Amino acid sequence: MSLPLLYIIVPCYNEEEVLPITAPLFHTQILLLINKGKIAPDSRILFVDDGSTDRTWKIIGELSEIDDAYCGIRQSRNRGHQNALVAGLMEAKDRCDITITVDCDGQDDITAIERMVDAYLDGADIVYGVRNDRKSDSFAKRHSAQSFYRWMKRLGGEVVYNHADYRLVDRRALDAFADFGEVHLFLRGMFPLVGFKSTTVEYTRTERVAGKSKYPFRKSLGLALDGITGLSVKPLRIIMFLGVLVSLLSVVGIIWTIIAHFIGHTVPGWSSLTCILCFVSGVQLLCLGVIGEYVGKIFTEVKHRPRYIISERTENFNK
(Lines give C-alpha, C1' and ligand atoms only; values in the text may rest on other atoms or scores of the structure.)
Protein backbone atom coordinates (compact mmCIF):
# COMPACT_ATOMS: atom_id res chain seq x y z
CA MET A 1 0.00 0.00 0.00
CA SER A 2 1.39 3.40 -1.02
CA LEU A 3 1.66 6.20 1.48
CA PRO A 4 -1.37 8.57 1.55
CA LEU A 5 -0.90 12.07 0.17
CA LEU A 6 -2.08 14.60 2.75
CA TYR A 7 -3.30 18.17 2.25
CA ILE A 8 -3.69 20.28 5.39
CA ILE A 9 -6.33 22.89 4.50
CA VAL A 10 -6.06 26.15 6.43
CA PRO A 11 -8.72 28.89 5.93
CA CYS A 12 -7.37 32.41 6.49
CA TYR A 13 -9.07 35.78 6.84
CA ASN A 14 -6.93 38.77 7.78
CA GLU A 15 -4.36 36.59 9.54
CA GLU A 16 -1.16 38.54 8.79
CA GLU A 17 -0.20 38.48 12.47
CA VAL A 18 -0.65 34.78 13.12
CA LEU A 19 0.23 33.21 9.75
CA PRO A 20 4.04 33.61 10.02
CA ILE A 21 3.87 31.86 13.41
CA THR A 22 1.57 28.93 12.63
CA ALA A 23 2.69 28.16 9.05
CA PRO A 24 6.07 26.72 10.19
CA LEU A 25 4.24 24.66 12.82
CA PHE A 26 2.08 23.02 10.14
CA HIS A 27 5.19 22.43 8.03
CA THR A 28 7.02 20.82 10.96
CA GLN A 29 4.08 18.47 11.49
CA ILE A 30 4.12 17.50 7.80
CA LEU A 31 7.86 16.75 7.95
CA LEU A 32 7.40 14.72 11.12
CA LEU A 33 4.80 12.48 9.50
CA ILE A 34 6.89 12.14 6.33
CA ASN A 35 9.95 11.10 8.35
CA LYS A 36 7.86 8.53 10.23
CA GLY A 37 6.71 7.04 6.93
CA LYS A 38 3.02 7.79 7.52
CA ILE A 39 2.30 10.16 4.60
CA ALA A 40 3.70 10.76 1.12
CA PRO A 41 6.73 13.08 0.76
CA ASP A 42 4.83 15.51 -1.49
CA SER A 43 2.12 16.22 1.10
CA ARG A 44 1.29 19.92 1.38
CA ILE A 45 -0.34 22.78 3.29
CA LEU A 46 -3.08 24.54 1.32
CA PHE A 47 -3.97 28.02 2.57
CA VAL A 48 -7.37 29.40 1.54
CA ASP A 49 -7.46 33.20 1.65
CA ASP A 50 -11.09 34.16 2.24
CA GLY A 51 -10.88 37.60 0.64
CA SER A 52 -8.50 39.11 3.18
CA THR A 53 -7.87 42.85 3.10
CA ASP A 54 -4.49 42.78 4.84
CA ARG A 55 -1.18 41.13 3.84
CA THR A 56 -2.41 37.56 4.24
CA TRP A 57 -2.33 36.71 0.52
CA LYS A 58 1.09 38.30 0.11
CA ILE A 59 2.45 36.18 2.99
CA ILE A 60 0.95 33.02 1.45
CA GLY A 61 2.66 33.86 -1.83
CA GLU A 62 5.99 34.39 -0.11
CA LEU A 63 5.69 31.07 1.72
CA SER A 64 4.94 29.23 -1.54
CA GLU A 65 8.10 30.72 -3.08
CA ILE A 66 10.20 29.53 -0.15
CA ASP A 67 8.92 25.93 -0.10
CA ASP A 68 6.64 23.95 -2.43
CA ALA A 69 5.04 22.37 0.63
CA TYR A 70 3.10 25.64 0.94
CA CYS A 71 0.49 26.54 -1.66
CA GLY A 72 -2.57 28.74 -1.69
CA ILE A 73 -5.81 29.80 -3.35
CA ARG A 74 -7.68 33.06 -2.94
CA GLN A 75 -11.42 33.63 -3.03
CA SER A 76 -12.71 36.54 -5.11
CA ARG A 77 -14.31 38.02 -1.98
CA ASN A 78 -15.03 37.12 1.61
CA ARG A 79 -17.54 34.27 1.65
CA GLY A 80 -17.19 33.07 5.23
CA HIS A 81 -15.34 30.32 7.05
CA GLN A 82 -17.54 27.43 5.89
CA ASN A 83 -17.30 28.39 2.21
CA ALA A 84 -13.55 28.80 2.52
CA LEU A 85 -13.29 25.28 3.88
CA VAL A 86 -15.40 23.92 1.02
CA ALA A 87 -13.24 25.77 -1.51
CA GLY A 88 -10.12 24.16 -0.08
CA LEU A 89 -11.70 20.70 0.11
CA MET A 90 -13.00 20.76 -3.45
CA GLU A 91 -9.74 22.13 -4.86
CA ALA A 92 -7.73 19.45 -3.02
CA LYS A 93 -10.16 16.57 -3.59
CA ASP A 94 -8.57 15.22 -6.77
CA ARG A 95 -5.01 16.02 -5.73
CA CYS A 96 -4.65 14.02 -2.52
CA ASP A 97 -5.81 10.96 -0.61
CA ILE A 98 -6.70 12.64 2.69
CA THR A 99 -7.41 16.18 3.86
CA ILE A 100 -7.27 17.70 7.31
CA THR A 101 -8.99 21.04 7.92
CA VAL A 102 -7.67 23.19 10.75
CA ASP A 103 -7.93 26.87 11.66
CA CYS A 104 -5.00 29.21 11.16
CA ASP A 105 -5.02 30.69 14.68
CA GLY A 106 -3.02 27.92 16.37
CA GLN A 107 -5.71 27.16 18.94
CA ASP A 108 -6.24 23.59 17.79
CA ASP A 109 -3.52 21.19 18.94
CA ILE A 110 -1.72 20.28 15.70
CA THR A 111 -0.11 17.23 17.30
CA ALA A 112 -3.57 15.64 16.95
CA ILE A 113 -2.91 15.52 13.19
CA GLU A 114 -0.69 12.46 13.67
CA ARG A 115 -3.39 10.66 15.67
CA MET A 116 -5.91 11.49 12.93
CA VAL A 117 -3.61 10.00 10.29
CA ASP A 118 -3.13 6.92 12.48
CA ALA A 119 -6.91 6.51 12.73
CA TYR A 120 -7.17 6.78 8.94
CA LEU A 121 -4.46 4.15 8.50
CA ASP A 122 -6.50 1.94 10.84
CA GLY A 123 -9.47 2.18 8.45
CA ALA A 124 -11.46 5.33 9.29
CA ASP A 125 -12.73 7.49 6.42
CA ILE A 126 -13.57 10.49 8.62
CA VAL A 127 -11.83 11.45 11.86
CA TYR A 128 -13.42 14.16 14.00
CA GLY A 129 -11.27 16.31 16.27
CA VAL A 130 -13.17 16.63 19.55
CA ARG A 131 -12.29 19.06 22.32
CA ASN A 132 -11.73 17.35 25.67
CA ASP A 133 -12.77 20.49 27.57
CA ARG A 134 -13.76 24.13 27.08
CA LYS A 135 -11.57 25.75 29.73
CA SER A 136 -10.15 28.23 27.22
CA ASP A 137 -13.64 29.61 26.43
CA SER A 138 -15.39 32.39 28.29
CA PHE A 139 -18.30 31.44 30.55
CA ALA A 140 -20.88 32.72 28.04
CA LYS A 141 -19.29 31.02 25.03
CA ARG A 142 -18.78 27.73 26.85
CA HIS A 143 -22.38 27.43 28.02
CA SER A 144 -23.92 28.72 24.78
CA ALA A 145 -21.88 26.21 22.75
CA GLN A 146 -22.79 23.30 25.01
CA SER A 147 -26.46 24.32 24.91
CA PHE A 148 -26.30 24.48 21.13
CA TYR A 149 -25.01 20.90 20.83
CA ARG A 150 -27.69 19.64 23.21
CA TRP A 151 -30.47 21.42 21.31
CA MET A 152 -29.17 20.20 17.96
CA LYS A 153 -29.39 16.65 19.28
CA ARG A 154 -32.97 17.19 20.45
CA LEU A 155 -33.93 18.72 17.10
CA GLY A 156 -32.60 15.70 15.24
CA GLY A 157 -29.35 17.16 13.89
CA GLU A 158 -26.51 14.64 13.61
CA VAL A 159 -23.59 16.47 15.18
CA VAL A 160 -20.53 15.24 17.07
CA TYR A 161 -20.48 16.81 20.53
CA ASN A 162 -17.71 19.43 20.97
CA HIS A 163 -16.52 19.00 17.39
CA ALA A 164 -15.97 22.11 15.28
CA ASP A 165 -14.18 21.91 11.90
CA TYR A 166 -10.96 20.13 12.84
CA ARG A 167 -11.32 16.84 10.94
CA LEU A 168 -9.71 14.38 8.57
CA VAL A 169 -11.66 13.31 5.48
CA ASP A 170 -10.43 10.84 2.87
CA ARG A 171 -11.07 11.01 -0.87
CA ARG A 172 -13.96 8.52 -0.82
CA ALA A 173 -15.88 10.59 1.73
CA LEU A 174 -15.05 13.82 -0.12
CA ASP A 175 -16.38 12.41 -3.39
CA ALA A 176 -19.66 11.64 -1.61
CA PHE A 177 -19.71 15.06 0.08
CA ALA A 178 -19.28 16.78 -3.31
CA ASP A 179 -22.86 15.75 -4.16
CA PHE A 180 -24.17 17.98 -1.35
CA GLY A 181 -25.07 21.22 -3.09
CA GLU A 182 -26.20 23.48 -0.24
CA VAL A 183 -25.20 27.14 -0.25
CA HIS A 184 -25.88 27.62 3.48
CA LEU A 185 -23.25 25.35 4.95
CA PHE A 186 -22.90 23.72 8.35
CA LEU A 187 -20.08 21.27 7.74
CA ARG A 188 -19.95 19.79 11.23
CA GLY A 189 -23.50 18.57 10.68
CA MET A 190 -23.13 17.61 7.01
CA PHE A 191 -20.19 15.21 7.25
CA PRO A 192 -22.04 12.88 9.67
CA LEU A 193 -24.72 12.65 6.95
CA VAL A 194 -22.10 11.39 4.49
CA GLY A 195 -21.68 8.26 6.56
CA PHE A 196 -18.72 5.86 6.08
CA LYS A 197 -16.55 4.66 8.94
CA SER A 198 -15.68 7.42 11.39
CA THR A 199 -13.99 7.91 14.74
CA THR A 200 -12.90 10.73 17.03
CA VAL A 201 -9.61 12.08 18.36
CA GLU A 202 -9.56 14.24 21.49
CA TYR A 203 -7.39 17.33 21.77
CA THR A 204 -6.95 20.43 23.91
CA ARG A 205 -7.80 23.85 22.50
CA THR A 206 -5.72 26.81 23.70
CA GLU A 207 -5.69 30.59 23.24
CA ARG A 208 -4.84 32.21 19.91
CA VAL A 209 -1.11 32.59 19.39
CA ALA A 210 -1.60 36.09 17.91
CA GLY A 211 -4.23 38.40 16.46
CA LYS A 212 -7.94 38.61 17.23
CA SER A 213 -10.75 36.15 16.64
CA LYS A 214 -12.53 36.58 13.31
CA TYR A 215 -15.61 34.76 14.58
CA PRO A 216 -17.58 37.05 16.92
CA PHE A 217 -20.87 36.14 18.59
CA ARG A 218 -22.89 37.46 15.63
CA LYS A 219 -21.22 35.05 13.20
CA SER A 220 -21.47 32.19 15.69
CA LEU A 221 -25.20 32.83 16.02
CA GLY A 222 -25.57 32.88 12.23
CA LEU A 223 -23.73 29.57 11.95
CA ALA A 224 -25.96 28.08 14.63
CA LEU A 225 -29.09 29.17 12.73
CA ASP A 226 -27.70 27.65 9.53
CA GLY A 227 -27.08 24.45 11.43
CA ILE A 228 -30.56 24.24 12.94
CA THR A 229 -32.50 25.21 9.80
CA GLY A 230 -30.20 23.28 7.49
CA LEU A 231 -30.37 19.97 9.35
CA SER A 232 -33.80 19.88 10.96
CA VAL A 233 -37.43 20.72 10.17
CA LYS A 234 -38.49 20.24 13.79
CA PRO A 235 -38.78 24.02 14.41
CA LEU A 236 -41.58 24.04 11.81
CA ARG A 237 -43.27 21.15 13.60
CA ILE A 238 -42.92 22.98 16.91
CA ILE A 239 -44.69 25.95 15.30
CA MET A 240 -47.50 23.64 14.17
CA PHE A 241 -47.99 22.22 17.67
CA LEU A 242 -47.73 25.71 19.15
CA GLY A 243 -50.43 26.87 16.73
CA VAL A 244 -52.64 23.97 17.78
CA LEU A 245 -52.07 24.79 21.45
CA VAL A 246 -52.88 28.48 20.99
CA SER A 247 -55.99 27.55 18.98
CA LEU A 248 -57.22 25.25 21.76
CA LEU A 249 -56.61 27.95 24.36
CA SER A 250 -58.52 30.39 22.14
CA VAL A 251 -61.47 28.01 21.90
CA VAL A 252 -61.47 27.65 25.68
CA GLY A 253 -61.36 31.43 26.02
CA ILE A 254 -64.28 31.89 23.62
CA ILE A 255 -66.38 29.31 25.48
CA TRP A 256 -65.57 30.97 28.80
CA THR A 257 -66.49 34.41 27.37
CA ILE A 258 -69.86 33.16 26.07
CA ILE A 259 -70.71 31.48 29.37
CA ALA A 260 -69.65 34.55 31.33
CA HIS A 261 -71.81 36.73 29.09
CA PHE A 262 -74.98 34.69 29.68
CA ILE A 263 -74.53 34.46 33.42
CA GLY A 264 -73.83 38.19 33.64
CA HIS A 265 -70.26 38.05 34.96
CA THR A 266 -68.63 40.03 32.18
CA VAL A 267 -66.65 43.04 33.35
CA PRO A 268 -65.29 45.48 30.77
CA GLY A 269 -61.54 45.87 30.98
CA TRP A 270 -58.55 46.47 28.81
CA SER A 271 -55.92 44.51 30.83
CA SER A 272 -57.06 41.01 29.87
CA LEU A 273 -57.61 42.04 26.25
CA THR A 274 -54.15 43.62 26.06
CA CYS A 275 -52.46 40.53 27.52
CA ILE A 276 -54.22 38.23 25.06
CA LEU A 277 -53.38 40.44 22.09
CA CYS A 278 -49.72 40.72 23.10
CA PHE A 279 -49.43 36.96 23.62
CA VAL A 280 -51.05 36.00 20.33
CA SER A 281 -49.18 38.70 18.40
CA GLY A 282 -45.86 37.58 19.88
CA VAL A 283 -46.52 33.95 18.96
CA GLN A 284 -47.49 34.94 15.43
CA LEU A 285 -44.36 37.06 14.92
CA LEU A 286 -42.14 34.31 16.30
CA CYS A 287 -43.71 31.74 13.99
CA LEU A 288 -43.42 34.05 10.99
CA GLY A 289 -39.74 34.63 11.82
CA VAL A 290 -38.95 30.92 11.88
CA ILE A 291 -40.91 30.31 8.68
CA GLY A 292 -39.17 33.30 7.10
CA GLU A 293 -35.77 31.83 7.96
CA TYR A 294 -36.64 28.66 6.06
CA VAL A 295 -38.21 30.55 3.12
CA GLY A 296 -35.14 32.79 2.88
CA LYS A 297 -32.86 29.76 2.64
CA ILE A 298 -35.09 28.24 -0.04
CA PHE A 299 -34.86 31.55 -1.95
CA THR A 300 -31.07 31.49 -1.98
CA GLU A 301 -30.72 27.73 -2.53
CA VAL A 302 -32.90 27.60 -5.66
CA LYS A 303 -30.67 30.17 -7.38
CA HIS A 304 -27.83 27.60 -7.45
CA ARG A 305 -25.19 30.27 -7.12
CA PRO A 306 -21.58 29.07 -6.70
CA ARG A 307 -20.43 28.54 -3.14
CA TYR A 308 -16.99 29.93 -3.93
CA ILE A 309 -15.08 31.60 -6.76
CA ILE A 310 -11.29 31.35 -6.90
CA SER A 311 -9.63 34.51 -8.17
CA GLU A 312 -5.95 33.57 -7.72
CA ARG A 313 -3.73 30.58 -7.09
CA THR A 314 -0.09 30.49 -6.09
CA GLU A 315 2.21 29.65 -8.98
CA ASN A 316 3.17 26.29 -7.49
CA PHE A 317 -0.41 25.16 -6.82
CA ASN A 318 -0.67 22.88 -9.85
CA LYS A 319 2.78 21.35 -9.45
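This passage describes the overall make-up of a predicted model and then turns to two of its helices, a loop serine and an enclosed helix.

The protein chain contains 10 helices and 8 strands. Of its 319 residues, 45% are buried. Contacts across the sequence are well represented: among those with a separation of 6 or more, 83% join residues 24 or more positions apart. The surface that the protein chain exposes comes to about 16,800 Å², and carbon and sulfur atoms supply 62% of this area.

A good place to begin a closer look is the pair formed by helix 1 and helix 2. Two packed helices are described by the angle between their axes and by the distance between those axes. Here, helix 1 (residues 19–35) and helix 2 (residues 56–66) pack at an angle of about 35°, and their axes are 11 Å apart. The crossing of these two helices is right-handed. On the helix 1 side, the contact is made by Leu19, Pro20 and Ala23, which meet Thr56, Ile59, Ile60 and Leu63 of helix 2. By residue type, the contact of helix 1 with helix 2 comprises 6 nonpolar residues and 1 polar residue, with no charged ones.

Helix 2 also has neighbours beyond helix 1. Its buried residues are Thr56, Trp57, Ile59, Ile60, Gly61, Leu63 and Ser64. Besides helix 1, the elements that these buried residues pack against are strand 1 (6–12), strand 2 (44–49), strand 3 (70–75) and strand 8 (310–313).

Ahead of helix 2, in the loop that connects strand 2 to it, lies Ser52. Is this loop residue buried or exposed? Ser52 has a relative accessibility of 5%, under the 20% limit, and therefore counts as buried. Its side chain reaches the backbone nitrogen of Asn14 at 2.8 Å. Leaving aside residues up to four places away in sequence, Ser52 touches Cys12, Tyr13, Asn14 and Arg74.

Further along the chain, helix 7 (residues 187–194) offers another view of the interior. Why can helix 7 be called largely enclosed by the rest of the structure? The description holds because 7 of its 8 residues are buried. These are Leu187, Arg188, Gly189, Met190, Phe191, Pro192 and Val194. Following helix 7 comes Gly195, a residue with a positive phi, near 90°.

Technical notes
Residues are numbered from 1 along each chain as its sequence is written. This is a predicted model: local features need pLDDT of at least 70, side-chain atom pairs count only at pLDDT 80 or more; totals for chains, interfaces and linings use all residues. Side-chain values use heavy atoms; hydrogens and water are left out. Axes are lines fitted to C-alpha atoms, for helices over the stretch in contact, and angles run from 0 to 180 degrees between N-to-C directions. Helices (H or I, at least four residues) and strands (E, at least two) are DSSP runs, numbered from the N terminus. A crossing is left-handed if the near helix is turned anticlockwise from the far one by less than a right angle, and right-handed if clockwise. Contact means heavy atoms within 4.5 Å. Ala, Val, Leu, Ile, Met, Phe, Trp, Tyr, Cys and Pro count as nonpolar, Asp, Glu, Lys and Arg as charged, and the others, Gly among them, as polar. Buried means under 20% relative accessible area, exposed over 50%, partly exposed in between (1.4 Å probe, protein chains only). A polar contact is a pair of N or O atoms within 3.5 Å; within protein, one must be able to donate a hydrogen and the other to accept it, and residues adjacent in sequence count only if both atoms are side-chain atoms. Accessible areas come from the Shrake-Rupley method with a 1.4 Å probe; for residues, only the protein chains shown count as cover.
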